[in-house]
Amino acid sequence: MNSKKSVQVGDIFVAPLPMNKYGAVKVMDIIDRSYLLGITNYIDEQVPTIESEKIHEVLITELIIGEPKKPLYEWVDGRIPKELIFIGNTPLTKEEQGIESNIYAAGWSKDCALSVYYEWRRQTDPEGFALEIQKEEEVVSCTVRKRLLVAP
């Protein structure tokens, strides 16, 4: 899907999300092959256009329960995932220039906008979301136990 060869500050990419939805990220800074992404507030069943209002708003969330809510910016490394869709470039606003973050999200993946999905699920179906997270934690815990039992 993605045909963009190089990444520039201000580039906006759309990422697939669960439940046939899409999210978007904006490149805020570049250092070597590391990219500071602003996770946007956009979540919908349609691929946004550069004019879509929510792609110009950064997601405000709490990373750890009980912490104050903050805009979400994450550093990622590597190549642009082929699943992302480039929709355009917008210059950084005055507020966006000089944004800093110490959050490292590892390699750039198709899941780079997943935080907006989690926030949407938390707001629209808190009970279902809590059960979903609990099931995932149980699967991880079971997998770890199995590995410990099989380990030499």
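Rings of Phe, Tyr and Trp (for Trp, the six-membered ring) count as a pair here if their centres lie within 6.5 Å. With that in hand, here are the close-ups, all taken from a predicted model.

**View 1. Four aromatic residues make one cluster.** The members are F13, Y35, F86 and W108. Searching the whole structure turns up 5 aromatic pairs. In one of them, F13 and F86 have ring centres 5.5 Å apart and planes at 55 degrees, so this pair is tilted. F13 sits in strand β1 and F86 in strand β7 (residues 85-89), so the pair ties together parts that are 73 residues apart in sequence. How is the burial of the two partners described, buried or partly exposed? F13 has 0% relative accessibility, so it counts as buried. F86, at 33%, counts as partly exposed.

**View 2. Y117 and Y118 make a tilted pair.** Their ring centres are 5.9 Å apart and their planes meet at 55 degrees, which is why the pair is called tilted. Y117 comes out at 4% relative accessibility and so counts as buried. Y118 has a relative accessible area of 28%, so Y118 is partly exposed.

**View 3. The largest nonpolar core has 20 residues.** Which of them touch the most other members? That would be F13, L37 and W108. Strands β1 (11-17), β2 and β3 (34-44) each supply at least two residues of this core, and so does helix α1 (114-124). Two names here carry over from View 1: F13 and W108 also belong to the aromatic cluster.

**View 4. K26 is a buried lysine in strand β2.** Strand β2 covers residues 21-31, and K26 lies within it. Is K26 buried or exposed? At 5% relative accessibility, K26 falls under the 20% cut-off and so counts as buried. Leaving out residues up to four places away in sequence, K26 touches G10, D11, I12, L36, L37, G38, T40, T90, P91, L92 and E96. One of these contacts, L37, turned up in View 3 among the core residues that touch the most other members.

**View 5. Strand β6 pairs with β3 and with β8.** Residues 73-77 make up β6, and 4 of these 5 residues are buried, so the strand is mostly covered. How do β3 and β6 run, parallel or antiparallel? They run antiparallel, joined by 5 bridges. The pairing of β6 with strand β8 (residues 104-107) is parallel, with 2 bridges. W75 is a handy residue to centre on: L36 stands opposite W75 on the β3 pairing, while Y104 is the bridge partner of W75 in β8. L36 is also one of the residues that K26 touches.

**View 6. The whole chain, for orientation.** How many helices and strands does the protein have? There are 2 helices and 8 strands. Along the sequence they follow the pattern β-β-β-β-β-β-β-β-α-α. The protein has 152 residues, and 35% of them count as buried. Among contacts with a separation of 6 or more, 63% are between residues 24 or more positions apart. The exposed area is about 9600 Å², with carbon and sulfur atoms supplying 55% of it.

Conventions
Residues are numbered from 1 along each chain as its sequence is written. This is a predicted model: local features need pLDDT of at least 70, side-chain atom pairs count only at pLDDT 80 or more; totals for chains, interfaces and linings use all residues. Side-chain values use heavy atoms; hydrogens and water are left out. Buried means under 20% relative accessible area, exposed over 50%, partly exposed in between (1.4 Å probe, protein chains only). Contact means heavy atoms within 4.5 Å. A nonpolar core is a set of buried Ala, Val, Leu, Ile, Met, Phe, Trp, Tyr and Cys residues joined through side-chain atoms within 4.5 Å. Two strands pair if DSSP finds at least two bridges between them. Accessible areas come from the Shrake-Rupley method with a 1.4 Å probe; for residues, only the protein chains shown count as cover. Rings of Phe, Tyr and Trp (its six-membered ring) pair if their centres lie within 6.5 Å; planes under 30 degrees apart count as stacked, over 60 as edge-to-face and the rest as tilted.
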